[in-house]
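I sat down with this one to see how its parts fit together. These are my notes, in the order I looked things up.

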Amino acid sequence: MRKLAMSLMTTTSLGRWARPLLRKPYERRYWSRGMNLMSGVFPSFEEALRHAPPGRPTGWDEKGIAANIVGDKAPARASNDSNGLPVLLHQPSTFAVLLWLNKVLKPGARVVDVGGASGLTYWHYRHYFDLPPGVTWTVVDVPEVIGRAKHLAAKRGVEKLLFCEDLAALGECDVLMSLGCIQYMSPTALATFMEAAQRARTVIVNKIPLIDSPDFWTLQSLGTTFAPYQVSNRVRFLRAFADIGLDVCDAWDVPELNISIPFEPGHHVPSLNGLVLRRRAEAGMKNEASDSLRGPLALVGGA
């Protein structure tokens, strides 16, 4: 019954009509105590942040969410569910990321994993493939997460998994990844990420919400804290990478994830997206935005 009610509130016009009556009870009883629930539509990061409940923590640099996403054990292999199947099967888009990593990682490659928490993608990669010799894998995250992640890596004696709190301090890399992190970045943090992208040969982005209508922000409840969450216009998002010489060479849908905002049915996002962008191989390659984006837009659901 609760799922049916949520669907009615998020994907039908009933949600819009019910907004004046039900918004406050929803925020008080469910959203402010829940995990991965959304509330509101806002024009900016700052406006979304101002909507957070007074006196409650905001952002990812918080002990409760750090403990939740890092945990107490660093998996040496992909864990199994109660049926004995790898948990990764619940998020099939992860396999696209691992496939591309296996394709682009060469001996001595430098990987920068932004928002990588405990280095979960590193552990998953090692379960399916051998890491080429000399590869370094640096996870960039907030201090609370990095503190826990370093402790776990030390317990396992891992030398090639490194941790850093300052993306701007890192130099060039072969692979820059953001797997479900970009949408949480403040404008300042996103500018730093794009500067890092200019120094990368390959950029892999997964679990990012792209739409054909204008950008907007919402606010996500993370159980113990709240975080602004951006849904990006597809053309604008891709053009930002094209402008720094990175073109989309592969893209996929992420149907296992969606964005549902109660009382805002016009802002429902049925699935997220994944992308691989690579440095333009030839200096003489066409650089006009319309030419460079036409193919990639079709791949990720654009016109």
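The entries below go from the overall picture to single residues.

**Entry 1: overall picture**

First a caution to myself: this is a predicted model. I counted 10 helices and 11 strands. The protein has 303 residues, and 47% of them count as buried. I then looked at contacts with a separation of 6 or more, and 75% of these are between residues 24 or more positions apart. For the accessible surface I got about 15000 Å², with 54% of that belonging to carbon and sulfur atoms.

**Entry 2: the open sheet**

In what order do the four strands of the open sheet run? I read it as 1-8-9-7, with mixed pairing. Strand 1 (35-42) and strand 7 (210-211) are at the edges with a single partner strand each, so each has one side without a neighbour in the sheet. Helix 9 (residues 234-242) packs on this sheet and touches strand 7 and strand 9. I also noted its direction, which makes about 85 degrees with that of strand 9.

Next I checked how strand 7 is held. It pairs with strand 9 (residues 226-233) in the parallel sense, over two bridges. L210 has S232 in strand 9 as its bridge partner.

**Entry 3: salt bridges around helix 9**

I searched the whole structure for salt bridges and found six. Two of them involve helix 9, and I wrote these up together.

D212 forms a salt bridge with R234, and their closest N and O atoms are 2.7 Å apart. D212 sits in the loop between strand 7 and strand 8 (216-222), while R234 is in helix 9, 22 residues away. Which of the two is buried, and which exposed? D212 is exposed at 52% relative accessibility, whereas R234 is buried at 6%.

R236 forms a salt bridge with D215, with the closest N and O atoms 2.6 Å apart. R236 is in helix 9 and D215 is in the loop between strand 7 and strand 8, so this pair ties together parts 21 residues apart in sequence. Here both ends are partly exposed: R236 has a relative accessible area of 36%, and D215 comes out at 29%.

**Entry 4: strands 5 and 6**

I moved on to strand 6 (residues 200-208). Eight of its nine residues are buried, so I put it down as mostly covered. Strand 5 runs parallel to strand 6, and six bridges join the two. One pairing I looked up is L179, which stands opposite N206 in strand 6.

A salt bridge also links these strands: the side chains of D174 and R201 meet at 4.0 Å, N to O. D174 belongs to strand 5 (residues 173-179) and R201 to strand 6, 27 residues apart. D174 is buried at 16% relative accessibility, but R201 is exposed at 55%. I followed the pair further and found R110, D174 and R201 linked in a network of salt bridges.

**Entry 5: K207**

K207 lies in strand 6, and I stopped at this residue for a while. What is the nearest side chain of opposite charge to K207? I found E256, 7.2 Å away. K207 is buried yet has no salt bridge. The cut-off I used for a salt bridge is 4 Å between nitrogen and oxygen, so that distance doesn't qualify.

I then listed what K207 touches, leaving aside neighbours within four places in sequence. Its contacts are Q91, S93, L179, G180, Q183, V254, L257, L272 and N273. L179 is also the residue opposite N206 in strand 6.

**Entry 6: helix 6 and its cover**

Which residues of helix 6 (residues 120-128) are buried? I noted T121, Y122, W123, H124 and Y125. Looking for what covers them, I found elements including helix 5 (93-104), strand 2 (110-114), strand 3 (136-140), helix 7 (143-156), strand 4 (161-164) and strand 5.

**Entry 7: I244**

My last stop was I244, in the loop between helix 9 and strand 10 (246-254). Its C-alpha is 6.1 Å from that of Q198, although the two residues are 46 apart in sequence. Not counting residues up to four places away in sequence, I244 touches M194, A197, Q198 and R279.

Notes. Residues numbered from 1 in each chain as written. Predicted model: local features only at pLDDT ≥ 70, side-chain atom pairs only at ≥ 80, totals over all residues. Heavy atoms only, no water. Buried < 20%, exposed > 50% of the residue type's maximum accessible area, 1.4 Å probe, protein only. Lys, Arg positive; Asp, Glu negative; His and termini not counted. Contact = heavy atoms within 4.5 Å. Pairing = 2+ DSSP bridges. Axes fitted to C-alpha atoms, helices over the stretch in contact; angles between N-to-C directions. Areas by Shrake-Rupley, 256 points an atom, 1.4 Å probe, with all protein chains shown as cover.
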